Amino acid sequence: MPKRSQEMLMDLWLSLLLVWITCVLSVSMTPIIGQSKSTQTGGSAVVASGVGEGQRLLSRAKRGWVWNQMFVLEEFSGPDPILVGRLHTDKVENDTARYSLSGEGAGTIFAINEKTGDIHAMKRLDREEKAEYTLTAKVTNAITGQLLEPMTEFIIKVQDINDNAPKFTEGPYHAAVEEMSAVGTSVITVTATDADDPVYGNSAKLVYSILEGQPYFSVDPNSATIRIALHGMDREMREDYQVVIQAKDMGGHMGGLSGTTTVSITLQDINDNPPKFSKSLYEFVIPEDLPLGKEGGKVKANDRDIGENAKSTYSIIEGDDQGVFEIITNATTQEGILQLRKPLDYESKRNYTLKVEATNIRSEPRSNGPFKDTATVKIVVEDSDEPPVFSKPMYLLEVDENAPINKIIGTVTARDPDATGSPIRYFIDRHTDLERQFNINVDNGRITLAKPLDRETDMWHNITVTATEVRNHSQISRAVVAIRVMDINDNAPEFATEYEAFLCENGKPGQVIQTVSAVDKDDPIQGHYFDYRLVPEMLNNPNFTIKNNQDNSISVLAKHDTFRRQKQEMYFLPIIVTDNGNPPMSSTNTLTIRVCGCSKDGIVQSCNVEAYVLPIGLSMGALIAILACIILLLVIVVLFVTLRRHKNEPLIIKDDEDVRENIIRYDDEGGGEEDTEAFDIATLQNPDGINGYLGFVGF
């Protein structure tokens, strides 16, 4: 009731205010008329009665233009033009004044009666379109045309009425606020505008209220700020809200205009919910042969939050002292994946009980924890038929290279890890023993020698042995057996290479002809030591001797300097080389020594015997010169013979009948001049010699 009384009181005051405004408008229009009447009745001066001649008249001058600021209501739509006001001057006493207007809207919007000065609005006006007009008033004498008053500007204001409702120009609005926010937390501020005059009256005074959205939200009536109005608003219960806000002018009183807008408000998630396992006990059966890193089971903790607030990480907090299991988080599905870190063994342990914990990654200080949950995981290990297991992953065996056939080299063993304990059979993978040098006992795994071995051919033999269960042949295991062949002294040493030594004829006694070393295919543990000696029949060799260099090599020395190629071109020196093995092995190797011609610096020049018979001091250049001379002489002889044959041919043959056949016998002795005359052509042509012409043919 008190609130209703206040509203009635406000309405009463509003009515009185409107009456007062109407009175003010009426008064503002009457001064001109009243002034006109006073001018007509009172005159322009006050004259004292009984003034004598010669006395000065006293008078009070009045203002020529008489009017106040003019107003006109907007949106007025009467049948006749509305009177805005009246212009009047007191400079004339009769009807000779003529009034006129110029400026904004003169003649179109506003019209003036030139005789009375009444101004009327001819059109409906809108203050929101134009709030005031500036015009210029002019009054002239109708007879003389002179200005009775100076031209003066005045303003006609369009008076506002409440004809525009408030508008939310930016709506509809969208806002977000965190869930569980405190009461009074600001969400968003909305703004409405009113086109009416904010200065005159309450047409543009807005008051905001909430039409929809209680009791969750409230709005400040003056600032239009929307705030949280309800404690403990939970996103998981409701996430989206539609709030309708109203803006009403006239200060919210009755008769005011209003506008509304919609505000969509979304509650933002905070981490206020812990993860929760879908069940408290998980049971999994995992085969003991599950590979490491493979999935053995999945657990899932659900979280009512969203996004980062819903993400959890999983861990094992109890029951895994040996570190057999691990649990990882699937970032996509937010599941905990249980997998193995170590192999399972059914025969050792068949059951596991783990305690798994899910913990939120993010925490929220405003919420009460704990942000974690636990569940129990029971694991039953399922027995699997496992392959045999060797006692060692790799075996290293040794055997002498001269070991007899069927000698036992070593033994491999394997067992069935299953509780049934199946017997084991052993085999050699023949792909690793193509020459079948070894055998194995299928029952006990003993490896024996099948063929003789030679360490110098193969020092190592790597074979693969398989172990197979008798009850299940598909269960096979493999182990590598490396067999090292141990060395025995079964190879004699020999020269490291085929040596060929060169001995200079001008060498000195004791000169080193060649350094000789030896090699041995054997590899004794204590290393090689070679002994060199000449064969017994060469012990008293007059030409050469040997010297031990104490580094498993010897030097061959010359005993004298009388070696000559023409005497003996090549020498053969047999040397016996013996190793230090048990038993020692030896071999005889022959060193070939050639006698050569050398320079003064000991550089070998020629080792051929033929080169020795050439004249002393005759160099290769001289030999080439001699050969060139011989070739030149042969060329000259050939040319001479060729020219000689060309000269023996006849130059002129006159007649065919003059050609005589001459038969020359080369086995006859020459006849001297008679032979010459026999071949004379002139003689043949004139055998009688009378009146003949002896012609001479020159050669």
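**Loops, sheets and a buried aspartate in a predicted model**

Reader: Let's start with a proline: in which loop does Pro-215 lie?
Author: Look for strands on either side of Pro-215, where a strand is a DSSP E run of at least two residues, a helix is an H or I run of at least four, and both are numbered from the N terminus. Pro-215 lies in the loop between β10 (207-212) and β11 (217-219).

Reader: Before I go on, what pLDDT do side-chain atom pairs need here?
Author: Residues are numbered from 1 along each chain as its sequence is written, and side-chain values use heavy atoms, with hydrogens and water left out. The model is predicted, so to speak with filters on: totals for chains, interfaces and linings use all residues, local features need pLDDT of at least 70, and side-chain atom pairs count only at pLDDT 80 or more.

Reader: Back to Pro-215: is the peptide bond from Gln-214 to Pro-215 cis or trans?
Author: Most peptide bonds are trans. For Gln-214 to Pro-215, though, omega is near 0°, and the bond is cis.

Reader: And what is omega for the peptide bond from Gly-171 to Pro-172?
Author: Pro-172 is in the loop between β7 (152-159) and β8 (173-178). The bond from Gly-171 to Pro-172 is cis, with omega near -5°.

Reader: On to phi: is Ala-224 buried or exposed?
Author: Ala-224 sits in the loop between β11 and β12 (225-228). Its phi is near 60°, a positive value in a residue other than glycine. With 0% relative accessibility (the cut-offs, with a 1.4 Å probe and protein chains only, are under 20% for buried, over 50% for exposed, and partly exposed in between), Ala-224 counts as buried.

Reader: What relative accessible area does Arg-436 have?
Author: Arg-436 is another non-glycine residue with a positive phi, about 50°. It is found in the loop between β27 and β28 (438-440). Arg-436 is partly exposed, and its relative accessible area is 47%.

Reader: Now the charges: how far from Asp-416 is the nearest side chain of opposite charge?
Author: Asp-416 lies in the loop between β26 (414-415) and β27 (424-428). Lys and Arg count as positive, Asp and Glu as negative, with His and the chain ends not counted. Asp-416 is buried yet has no salt bridge, which would need a side-chain nitrogen of Lys or Arg within 4 Å of a carboxyl oxygen of Asp or Glu. The nearest opposite charge is on Arg-471, at 6.0 Å.

Reader: Which backbone nitrogen does the side chain of Asp-416 reach?
Author: Asp-416 touches Glu-386, Gly-421, Ser-422, Ile-424 and Glu-469, leaving aside residues up to four places away in sequence (a touch, or contact, is heavy atoms within 4.5 Å). At 2.9 Å, its side chain reaches the backbone nitrogen of Ser-422.

Reader: Which residue is the bridge partner of Ile-424 in β30?
Author: β27 and β30 pair in the antiparallel sense over five bridges, where pairing takes at least two DSSP bridges between the strands. Strand β30 (residues 460-469) is mostly covered, with eight of its ten residues buried. In β30, Ile-424 has as its bridge partner Glu-469.

Reader: And in β31, which residue does Ala-467 stand opposite?
Author: Six residues make the hairpin link from β30 to β31. The two strands pair antiparallel over nine bridges, with β31 covering residues 476-486. In β31, Ala-467 stands opposite Ser-477.

Reader: What is the average turn between neighbouring strands in the sheet β16-β22-β21-β18?
Author: Four strands form this open sheet, and the pairing is mixed. Its edge strands are β16 (281-287) and β18 (312-318), each pairing on one side only. Axes are lines fitted to C-alpha atoms, for helices over the stretch in contact, with angles from 0 to 180 degrees between N-to-C directions. Direction ignored, neighbouring strands of this sheet are turned against each other on average by 30°.

Reader: Inside that sheet, which residue of β22 is the bridge partner of Tyr-352?
Author: Strand β21 (residues 351-360) runs antiparallel to β22 (residues 372-382), and nine bridges join them. In β22, the partner of Tyr-352 is Ile-379.

Reader: What about the sheet β1-β7-β6-β3: how much does the twist average from one strand to the next?
Author: This is an open sheet of four strands with mixed pairing. The edge strands are β1 (70-73) and β3 (97-103). From one strand to the next, the twist averages 35°.

Notes: Polar contact = N/O pair within 3.5 Å; in protein donor to acceptor, adjacent residues only side chain to side chain.
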